[in-house]
Amino acid sequence: MALPPLATVADLAAMLGRTFTPVQEAQAQALIEQASAVVRAHLRQDITRATSTVELPMRRADPVLSRYGGVISLPQRPVVDVTAVSINGTATSDWWLDGADVLVRSWAWIDPPAAHQAPRVTVTYTHGYDEVPGDIAAVVLQAANRAIVNPAQIRSETVGGESVTYLMPNGGEALGVLLSGLEKKALGRYRRTSGTVRLRSR
């Protein structure tokens with residue numbers, strides 16, 4: 001299912017203090033959806049509230065003991081609620097949520113005689129924000145508006161003796177919605193690092 005945009009055309013119109021024609025509204029909607037996708041890809045987060053079932057990849061925590069650790073990090077934040085956890089298809093309740101996104105078990109997620117096999121840990125949980133944080137929505141609107149104002153991604157131009165330099169994303173040569181370095185920095189606290197599973201051996 002497609003994720004909803006992280007801002008609305010009405011938000012953009014209010015920010016700019018203008019009214020869109022039907023054609024402009026359709027363009028603004030498309031750019032906001034593109035900006036939302038770009039922001040989500042950068043953050044590696046869905047942002048909006050949803051319930052998901054995920055199978056978490058597990059790696060061996062201790063190659064000598066052939067054990068798998070008792071701590072895993074759920075990929076989407078913030079975690080609102082965890083409703084079900086299973087190991088290799090068998091439901092388990094011997095876990096707890098520690099902090100914002102860490103699922104803890106008091107011992108390894110799998111024990112001998114199957115310790116040589118990676119366990120399949122499946123989690124159903126609710127995650128994301130009930131309302132999109134204002135700074136995320138602001139970046140989406142700013143990026144979409146930049147594409148409206150400067151669709152060709154021109155760095156600077158001179159008209160009638162007046163020179164204008166546009167704020168450009170780093171390496172922004174391609175058409176479409178891109179994020180500037182300042183925008184990426186502003187989103188930094190929401191960004192998920194590439195590793196989605198954190199393990200700790202007993």
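Visitor: Hey, is D46 buried, partly exposed or exposed?
Guide: D46 counts as partly exposed, because its relative accessibility is 22%. Buried means under 20% relative accessible area, exposed means over 50%, and partly exposed lies in between (1.4 Å probe, protein chains only). This is a predicted model, where local features need pLDDT of at least 70, side-chain atom pairs count only at pLDDT 80 or more, and totals for chains, interfaces and linings use all residues. Residues are numbered from 1 along each chain as its sequence is written, and side-chain values use heavy atoms, with hydrogens and water left out.

Visitor: OK, where is D46 found?
Guide: Look in the loop between α2 (22–43) and β1 (50–56). Helices (H or I, at least four residues) and strands (E, at least two) are DSSP runs, numbered from the N terminus.

Visitor: And what does D46 touch?
Guide: Leaving out residues up to four places away in sequence, D46 touches L3, L6, R40, Q76 and H127. Contact means heavy atoms within 4.5 Å.

Visitor: Switching to P4, which residues does that one touch?
Guide: R40 and T48, again not counting residues up to four places away in sequence. P4 sits in the segment before α1 (9–16).

Visitor: Cool. What's the angle between α1 and α3?
Guide: About 75°, with the axes 10 Å apart; α3 covers residues 134–149. That makes α1 roughly perpendicular to α3, a label for angles of 65 to 115 degrees (under 35 is roughly parallel, over 145 roughly antiparallel, the rest oblique). Axes are lines fitted to C-alpha atoms, for helices over the stretch in contact, and angles run from 0 to 180 degrees between N-to-C directions.

Visitor: Which residues meet there?
Guide: D11, L12, M15 and L16 in α1 meet L141, N145 and I148 in α3.
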